[in-house]
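Got your viewer open? Load the model, colour the chain however you like, and keep the selection box handy.

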Amino acid sequence: KKAQSKKISVEKFLKNNGAKVLDDRVDVYSDTSTWGFVLKLSPFYLWLRKNLIIVKKHWLALILATLIGLLVVAPTIFAIWSVGQDFRGIYPMLSNDEDQYLGMTREAYDGHYNFGSVYLKEHKELPYLQQPLAEIIFAAEAKFLNISVPKLFAINDFLLPIVGVLTLYFLILALTQKKNLSAVFSFLYYFLFISQFNRPINPQFSFLFLFLGLLLIWKIIDND
């Protein structure tokens, strides 16, 4: 019985991944080439197939989230495009306190983690007044990618709003179980406050933890 059960589960696995199993024989064959058949059984193919299914299920939210990301980063792209070949890496600052966030992230990039004095050479060893975890994370990200801090912030202007819209979407989806409503509401929320979500760190980054925390709380309550 165990052998028969194992055989059935193997055949089911192969069928689900593009193979064909003859009912009256143990031979397994595929319409694809040998390498194509091996690829279909590979973990990468299974991961890709699973994620394509997710994309298909939530395509509206993905499109609207990408649109928000493009709208947020559009002024920066337009400014760089307007300068053309004369652009020298000086990115526009379009929101309040962006210079402070840039300065703190650069401090962490340079290895000054006390943040006692962001703009002056003296007193850098003094303790910080503003909690700098996000700046430390972004500084490490910029070092890892080998790019400047302003360039990273420009990239985040596109990526973080997308992640934010999707996080809010899954929160609303968990509450309502309605995909279209969740997608439209999360889009409108970011769209109505789009000038605020151009502001780095807070709310661009910090709101992700708010949405994730609320989603986690709801999951705990819902499971009970």
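Select Arg199 to begin: this residue is buried, because its relative accessible area is 16% and buried means under 20% (exposed is over 50%, partly exposed lies in between, with a 1.4 Å probe and protein chains only). You're looking at a predicted model, where local features need pLDDT of at least 70, side-chain atom pairs count only at pLDDT 80 or more, and totals for chains, interfaces and linings use all residues. Residues are numbered from 1 along each chain as its sequence is written, and side-chain values use heavy atoms, leaving out hydrogens and water.

**Stop 1: a charged pair**

Now add Asp97 to your selection. The side chains of Asp97 and Arg199 form a salt bridge, 2.5 Å from N to O; the term covers a side-chain nitrogen of Lys or Arg within 4 Å of a carboxyl oxygen of Asp or Glu. Asp97 sits in the loop between α4 and α5, while Arg199 is in the loop between α8 and α9 (206–223), so the pair links distant parts of the chain, 102 residues apart. Those element names come from DSSP runs numbered from the N terminus: helices are H or I with at least four residues, strands are E with at least two. Unlike its partner, Asp97 is partly exposed, at 41%.

Which other side chains should you pick? Select Asp110 and Arg106, which meet in a salt bridge at 3.1 Å, N to O. Asp110 is partly exposed at 39% relative accessibility, and Arg106 is partly exposed at 39% too. The count of salt bridges comes to two.

**Stop 2: helix α5**

Next, select residues 98–109. This is helix α5, twelve residues that reach 16 Å from first C-alpha to last, close to the 16 Å expected at 1.5 Å a residue (the expected span is 1.5 Å times one less than the number of residues). Nine of its twelve residues are buried, among them Tyr101, Leu102 and Met104. Show α6 (133–145) and α7 (149–176) as well: the buried residues of α5 pack against them. Just past the helix, click Gly111, whose phi is positive, near 95°.

**Stop 3: the nonpolar cores**

Try Ile68, Leu168 and Tyr190 together. Of the 20 residues in the largest nonpolar core, these three touch the most other members; such a core is a set of buried Ala, Val, Leu, Ile, Met, Phe, Trp, Tyr and Cys residues joined through side-chain atoms within 4.5 Å. α4, α7, α8 and α9 each supply at least two residues of this core, and α7 gives the largest share, nine residues. What does Tyr190 touch? Leaving aside residues up to four places away in sequence, Tyr190 touches Ile68, Pro161, Gly164, Val165, Leu168, Phe197 and Phe211, with contact meaning heavy atoms within 4.5 Å. A second, separate core has 19 residues, including Val118, Phe138, Ala142 and Phe205.

**Stop 4: out on the surface**

Finally, select Leu67, Leu71, Val184, Leu188, Phe191, Leu192 and Phe193. They form a nonpolar surface patch with about 620 Å² of accessible area together. Patch residues have over 30% relative accessible area and no salt bridge; like charges are joined within 9 Å, nonpolar side chains (Val, Leu, Ile, Met, Phe, Trp, Tyr) within 5 Å. Areas come from the Shrake-Rupley method with a 1.4 Å probe, and for residues only the protein chains shown count as cover. The largest share of the patch, four residues, comes from α8.
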